[in-house]
Amino acid sequence: MLLICLIGIAISHALWSCASTFSVFVLARFIGGLSKANVSLSMAVVTDASDEKTRARGMALVGLAFSIGFIVGPMAGAWFAKTNEAYFGLWGQRPALYATSLSLANIALVLLFLPETLTKEKRAPLSLSLSKAVEYVSPWHLLRFTAVENLSSHQNKVLSKLGSIYFIYLFIYSGLEFTITFLTHHTFSYTAMQQGKMFLVIGLIMAVLQGGAARRLGPKGAEMAARLALALTPTSFLCVAMAACRKPPLLSPVVWLWAGLVLFALSTAFAVSCMTSMAAAQAPSGSRGGVLGALRSLGALARAAGPLLASAAYWCSGATITYSLGSIILIIPAVMLFRLKT
């Protein structure tokens, strides 16, 4: 399944590299979106290869990999795009070819070096019907984790609440994160390279935290870190809201912006990986892939819908109102997670 997903991602990037119309580009992104189960599968591999004591560390290493990508990716993409037209006629072709080459290298790595993590007797049987298919794609069923078998009533209750927290958090968070590039370009006149450097700093902070602190967390430590991360997120976006003001109090707009970005990096370093570790801890060994798949599906739905709402709010109401309202709404999942009893 992981190889199928990686092949789909490689095809999407290859199609993107030769896209001369917007519709072909959208088709490439559609294929890429259908293939994004690779992240869920990678997390399932980590949970299979870890135990209760090392699972938080494994999830932190997945987060660390994201952070390293966050460091290298935007800078590399900006560099390839900067001199693109001097070499190719289509804008965006060089970054797409670069992504295609990395995708092909990923396929080779998995094919040659990654073994199956579960023996045949431990694998859950795959049975698919129309009703079962609905459970895999329906947001209502995903929130209730009805597609996952062998869950106790307590586990199902905890996962349902955690799934709701995860969805609300990522729905607002991803939307506000998506519009930061609008703010930095229009308010602070950042170029693509300057934005790449901005994400480089964020990625470095996340990499240091995930490579140092997050991967040393035990189950209880991961739970506490997730709560603190969600509590910190509203403050980070409130700082960004202050940066969007023409004359913010106390500090200059650029200082407010970077204060928000640093807090954003601190919270992001722990939030998703620690909540994922909490979800994995509630699943029996044979059902962890299903639990993480449902959780990632909720995250994908949130990341698809969140930017649409946030972008509409940004261009209709302005950056200050958008980030202020977003920071207030982000208090809700933070409170819900503090009240969650695992």
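Thr322 has its place in helix α14, and in this predicted model the residue offers a convenient way into the surroundings of a pocket. With a relative accessible area of 7%, Thr322 is buried, because buried here means under 20%. Not counting residues up to four places away in sequence, Thr322 touches Leu176, Ala310, Ala313 and Tyr314.

The side chain of Thr322 also takes part in two polar pairings with backbone atoms, set out below.

| Partner of the Thr322 side chain | Distance |
|---|---|
| Backbone oxygen of Ala313 | 3.2 Å |
| Backbone nitrogen of Tyr314 | 3.3 Å |

Thr322 belongs as well to the lining of the second largest pocket, where Leu309, Ala310, Ala313, Thr322 and Ile329 lie nearest the centre among the 14 lining residues. The space in this second largest pocket comes to about 200 Å³. Sorted by class, its lining holds nine nonpolar and five polar residues, while no charged residue is found there. Three helices, α8 (153-186), α13 (288-317) and α14 (319-329), each contribute at least two residues to the lining of the second largest pocket.

Of these helices, α13 can be described further: it is made of 30 residues and spans 42 Å from its first C-alpha to its last, which is close to the 44 Å expected at 1.5 Å a residue. After α13 comes Gly318, a residue whose phi is positive, near 100°. Helix α14, which begins at residue 319, is the one that carries Thr322.

Definitions and conventions
Residues numbered from 1 in each chain as written. Predicted model: local features only at pLDDT ≥ 70, side-chain atom pairs only at ≥ 80, totals over all residues. Heavy atoms only, no water. 1 Å grid on protein atoms, 1.4 Å probe; cavity = no way out; pocket = protein on both sides within 12 Å on 5 of 7 lines; lining within 4 Å. Points joined across faces, edges and corners; volume = space filled by probe spheres on them. Helix = DSSP H or I, 4+ residues; strand = E, 2+ residues; numbered from the N terminus. Nonpolar A, V, L, I, M, F, W, Y, C, P; charged D, E, K, R; others polar. Buried < 20%, exposed > 50% of the residue type's maximum accessible area, 1.4 Å probe, protein only. Polar contact = N/O pair within 3.5 Å; in protein donor to acceptor, adjacent residues only side chain to side chain. Contact = heavy atoms within 4.5 Å. Expected span 1.5 Å × (residues − 1).
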